[in-house]
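Me: I would like to learn how to read a protein model feature by feature, beginning with the overall picture and ending with individual side chains. Could you take me through one?

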Amino acid sequence: MTEKASIRVFIADDHAIVRAGLKQIIAEERDISVVGEAETGLDAIKLFRKSRCNVLLLDISLPDRNGIEVLKQIKDDKPELAVLMLSMHREDQYAIRSLKAGASGYLTKQSAPRELVGAIRQVASGQRYVSAQLAQVLAAQIGEDHDKPAHENLSDREYQTLMMIASGKTVSEIARDLSLSVKTISEYRSRLLAKMNLKTSAELTHYAIRNQLID
């Protein structure tokens with residue numbers, strides 16, 4: 001960290017090795033410093049203000065709550081904060097939802113270090129950051145809101161449940177991973193199936209594959 005750093009970054013990610021890697025990349029930049037970190041969504045909500053950061057790097061898959069839910073809560077509290085979402089998921093899976101929820105940008109964790117640094121500087125300056133690939137996806141969606149695919153009508157938690165079911169997880173496994181009850185996950189599953197006019201998890205998985213939501 002340097003006293004001259006004008007961009008103050010807070011990192012929220014549950015993997016210590018990821019936080020260490022991000023800090024190592026940022027440590028090489030004179031104008032950027034890491035001023036705090038958290039490994040859960042609740043800690044991020046509690047601690048980011050104390051750090052007086054102007055950029056938040058936020059993992060979309062936190063152990064205690066969905067990253068988009070954390071994003072919405074933090075933006076309600078501090079709307080001017082630039083939030084750059086980080087994810088293991090492909091951009092077309094969660095990026096658009098993140099941007100609609102108030103994120104300033106979205107990066108996959110496979111992105112090159114220089115892209116990360118450039119994205120941090122861009123969102124810190126008040127601009128949005130999207131990759132060239134994501135820009136094409138966004139452009140393709142302009143004017144298509146009247147014909148949205150069924151999964152676009154799901155809530156963030158319902159969409160997360162869809163993705164986890166489609167990846168092969170059982171309701172019990174999803175409940176454990178998200179620290180929620182089996183009953184709650186079953187309700188999400190029932191709601192999303194009803195919204196999508198599907199009847200079984202198998203149909204849901206076929207839908208996800210057909211719409212290229214999963215590989």
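Reply: We will go from the overall dimensions to the sheet, then to the helices and the salt bridges, keeping in mind that this is a predicted model.

Me: Where does one begin, and what does the secondary structure of the protein come to?

Reply: A count of elements is a sensible start, and here the secondary structure comes to ten helices and five strands. The radius of gyration is 18 Å, close to the 17 Å that the globule rule gives for 215 residues, so the protein is as compact as a globular protein of that length. Along the principal axes, the C-alpha atoms fill a box of roughly 60 × 40 × 30 Å.

Me: How much of the protein is buried, and what does the exposed area consist of?

Reply: Buried residues account for 44% of the 215 residues, while the protein exposes about 11,000 Å², of which carbon and sulfur atoms supply 50%. Contacts add another view: among those between residues at least 6 apart in sequence, 65% join residues at least 24 apart.

Me: How should I read the sheet, and in what order do the strands lie?

Reply: Strands of a sheet pair through backbone hydrogen bonds, and the pairing can be either parallel or antiparallel. In this model, five strands form an open sheet in the order β2-β1-β3-β4-β5, with parallel pairing. The edge strands are β2 and β5 (105-108), each of which pairs on one side only, and the twist averages 25 degrees from one strand to the next.

Me: How many bridges join strand β1 to β2, and which residues are partners?

Reply: Six bridges join strand β1 (residues 7-12) to β2, and the two run parallel. Among the partners, I7 is matched with I32 in β2, and I11 with E37, also in β2. Strand β1 is mostly covered, since five of its six residues are buried.

Me: Which helices lie against these strands, and at what angles?

Reply: Helix α1 packs on the sheet, where it touches β1, β2, β3 (55-59) and β4 (82-87), and its direction makes about 165 degrees with that of β2. Helix α2 (residues 41-51) lies across β1 and β2, running at about 165 degrees to β1.

Me: Turning to charged side chains, how many salt bridges does a search of the whole structure find?

Reply: The search finds 16 salt bridges, and one useful way to read them is to ask which elements they link. E37, already met as the bridge partner of I11, forms a salt bridge with R19, at 2.7 Å from N to O. That pair links distant parts of the chain, with E37 in strand β2 (residues 32-38) and R19 in helix α1 (residues 16-27), 18 residues apart. The side chain of K23 also meets that of E37 in a salt bridge, again at 2.7 Å from N to O, and this pair likewise joins helix α1 to strand β2, across 14 residues.

Me: Are the three residues E37, R19 and K23 buried, or partly exposed?

Reply: The cut-off matters here, because a residue counts as buried only under 20% relative accessible area. R19, at 10%, is therefore buried, whereas E37, at 31% relative accessibility, counts as partly exposed, and K23, at 31% as well, also counts as partly exposed.

Me: What other salt bridges should I look at, and how far apart in sequence are R97 and D156?

Reply: R97 forms a salt bridge with D156, their closest N and O atoms being 3.1 Å apart. R97 lies in helix α4 (residues 91-100) and D156 in helix α7 (residues 156-166), so the pair ties together parts that are 59 residues apart in sequence. Both R97 and D156 are buried. Salt bridges can also be joined in a network, as is the case for E29, D31, R114 and R121.

Me: Finally, where is M163 found, and how far is M163 from I214?

Reply: M163 is found in helix α7 and is buried, with a relative accessible area of 7%. M163 and I214 are 51 residues apart in sequence, yet 7.6 Å apart in space, C-alpha to C-alpha.

Definitions and conventions
Residues numbered from 1 in each chain as written. Predicted model: local features only at pLDDT ≥ 70, side-chain atom pairs only at ≥ 80, totals over all residues. Heavy atoms only, no water. Salt bridge = Lys/Arg side-chain N within 4 Å of Asp/Glu carboxyl O. Helix = DSSP H or I, 4+ residues; strand = E, 2+ residues; numbered from the N terminus. Buried < 20%, exposed > 50% of the residue type's maximum accessible area, 1.4 Å probe, protein only. Pairing = 2+ DSSP bridges. Axes fitted to C-alpha atoms, helices over the stretch in contact; angles between N-to-C directions. Contact = heavy atoms within 4.5 Å. Rg over C-alpha atoms; globule rule 2.2 N^0.38 Å. Areas by Shrake-Rupley, 256 points an atom, 1.4 Å probe, with all protein chains shown as cover.
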